[in-house]
Amino acid sequence: MKENLVIFNAKVATPLGFSSRRGEEMAALHVIDHATVEITEGMITYVGPPRRGERPGFHWGYYFYDAQGRCLLPGFVDSHTHFVFGGERSEEFSWRLKGESYMSIMERGGGIASTMRATREYSFDQLRVKAQGFLKKMTEMGVTTVEGKSGYGLDRDTELLQLKVMRSLNNDERKTVDIVSTFLGAHALPPEFAGRSDDYIDFLIREMLPLIRREDLAECCDVFCEKGVFSVEQSRRLLTAAKEQGYLLKLHADEIVSLGGAELAAELGALSADHLLQASDAGIRIMAEAGVVATLLPLTAFALKEPYARAREMINAGCAVALATDLNPGSCFSGSIPLTFALACIYMKLSVEEAITALTLNGAAALNRADSIGSIEVGKKGDLVLLNSPTYHVLPYYVGMNCVDVTIKEGSLTPALSKGEGARRQCGE
Ligand code: NIG
Ligand code: FE
């Protein structure tokens, strides 16, 4: 719901700009003490020093909220998730704890294929309720925009079902998270096409891409470009067709094997290349040159016990790095923003400032939305996060614990999070 809101007495910290921040720009946050942020009908209309007459309560058509010196950031953008799916894979997780690899489980019919079977059994309502549960948790952690992928149907109807669930959640009047949908039909080879992966790519190009475009069900097209899944050549063929049909491009690239996914992302002008645990030096260089956002997913590396992506090398090479959770039922059953901050700063050596840029403006850029979200600037959406502290340094310090007090979506305070400090209490109600 688009609201009128004035937050005063806040410590604003935000990257600035209407495009991704690259290389050393990522560390530059604009900080304003005792700041006022005005949101009119959901859009930011003022950011700056205090103005006269600011006190809590309703005045002049705005609700005035006293931030009491706490830190105010742009809403977090989780630009890579798979939050619509059926079932779960905890048993498989235990196999991995005993030493089996993610790929070997996939090769013997588990992994993505197991979630595909479960998802095909779910109704629209069942999928929607489950996905909505994740959105609620995201809001509590400060996420105001999330990307969600299909890819657990791997047939016409179930792929459409996943995308329709996302559209329905995004059209909800009372939503607290905006959803950007991505078509990931090329997530795995479905059993119906066993041994015929080129035919499956043809099916996606000829039938699925035009259908999804016609129904306006996804903005982006993604592919799991990986040894034993879809080759660089197949990925190129699919994404080239997707681009011609008006999709923006994303890739699951160089996650397990260094295959050249980063290079392909640059060649095709993709919005982002994601994972990149095994990205080559040349791939990193060429992504920086092409302005492809390098979306890193530390929770997945952690859960798979793989080495983290080379974030420092990427930033030093001039890349725009984004961070996202990769929430999914297999490789990473976590949408934890707090743990993402902690891992990025502790193990990937991002500064807190860089991590904030990676989870706000650069996440927005990875979704082609840097012109409308990702920073606290006049003209952008009033999507904000109020921490429980005057300093943003709590973000990685709270290892896996939430330090978000209030999430603000287009000027609307999330009610469940305003308890204690809430709007009504400030009004004396
Ligand atoms: O981003 N790598 C491929 N896709 C997902 C995992 C999907 C799954 O295991 O269900 C990922 O990690
Ligand atoms: Fe993923």
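Axes here are lines fitted to C-alpha atoms, for helices over the stretch in contact, and angles run from 0 to 180 degrees between N-to-C directions. Helices are DSSP runs (H or I, at least four residues), numbered from the N terminus.

This is a predicted model, in which local features need pLDDT of at least 70, side-chain atom pairs count only at pLDDT 80 or more, and totals for chains, interfaces and linings use all residues. Residues are numbered from 1 along each chain as its sequence is written, chains are lettered from A and ligands numbered from 1 in the order in which they are written, and side-chain values use heavy atoms, with hydrogens and water left out.

**First stop: helices 5 and 6**

Select residues 197–214, which form helix 6, and show helix 5 with them; the two axes come within 11 Å and cross at roughly 35°. The crossing is right-handed, a term for the near helix being turned clockwise from the far one by less than a right angle. Now show side chains: Arg156, Glu159, Leu160 and Leu163 of helix 5 touch Phe203, Met208, Leu211 and Ile212 of helix 6, where contact means heavy atoms within 4.5 Å. Colour these by class and you will find six nonpolar, no polar and two charged residues. Nonpolar covers Ala, Val, Leu, Ile, Met, Phe, Trp, Tyr, Cys and Pro, charged covers Asp, Glu, Lys and Arg, and the others, Gly among them, count as polar.

**Next: helix 4**

Keep helix 5 (residues 156–170) and add helix 4 (residues 124–140): their axes come within 10 Å and cross at roughly 55°. The pair is therefore oblique, the word for angles that are not under 35 degrees (roughly parallel), over 145 (roughly antiparallel) or 65 to 115 (roughly perpendicular). This crossing is right-handed. On helix 4, pick Phe124, Leu127, Arg128, Ala131, Gln132 and Leu135; their partners on helix 5 are Leu161, Lys164, Val165, Ser168 and Leu169.

**Then: helix 7**

Return to helix 6 and add helix 7 (residues 232–244), where the axes come within 10 Å and cross at roughly 5°. Helix 6 and helix 7 are therefore roughly parallel. Their contact has seven nonpolar, two polar and three charged residues.

**Last stop: the cavity**

Where should you look for the centre of the largest cavity? Select His82, Tyr102, His187, Asn328 and Ser331, the closest to that centre of the 14 lining residues. The lining has four nonpolar, seven polar and three charged residues, and the cavity holds about 90 Å³ of space.

A cavity is a set of points on a 1 Å grid over the protein atoms alone where a 1.4 Å probe fits but cannot get out, and lining residues have an atom within 4 Å of a point. Points are joined across faces, edges and corners, and the volume is the space filled by probe spheres set on them.

How values were computed. Helices (H or I, at least four residues) and strands (E, at least two) are DSSP runs, numbered from the N terminus. On a 1 Å grid over the protein atoms alone, a cavity is a set of points where a 1.4 Å probe fits but cannot get out, and a pocket is an open set with protein on both sides within 12 Å along at least five of seven lines; lining residues have an atom within 4 Å of a point.
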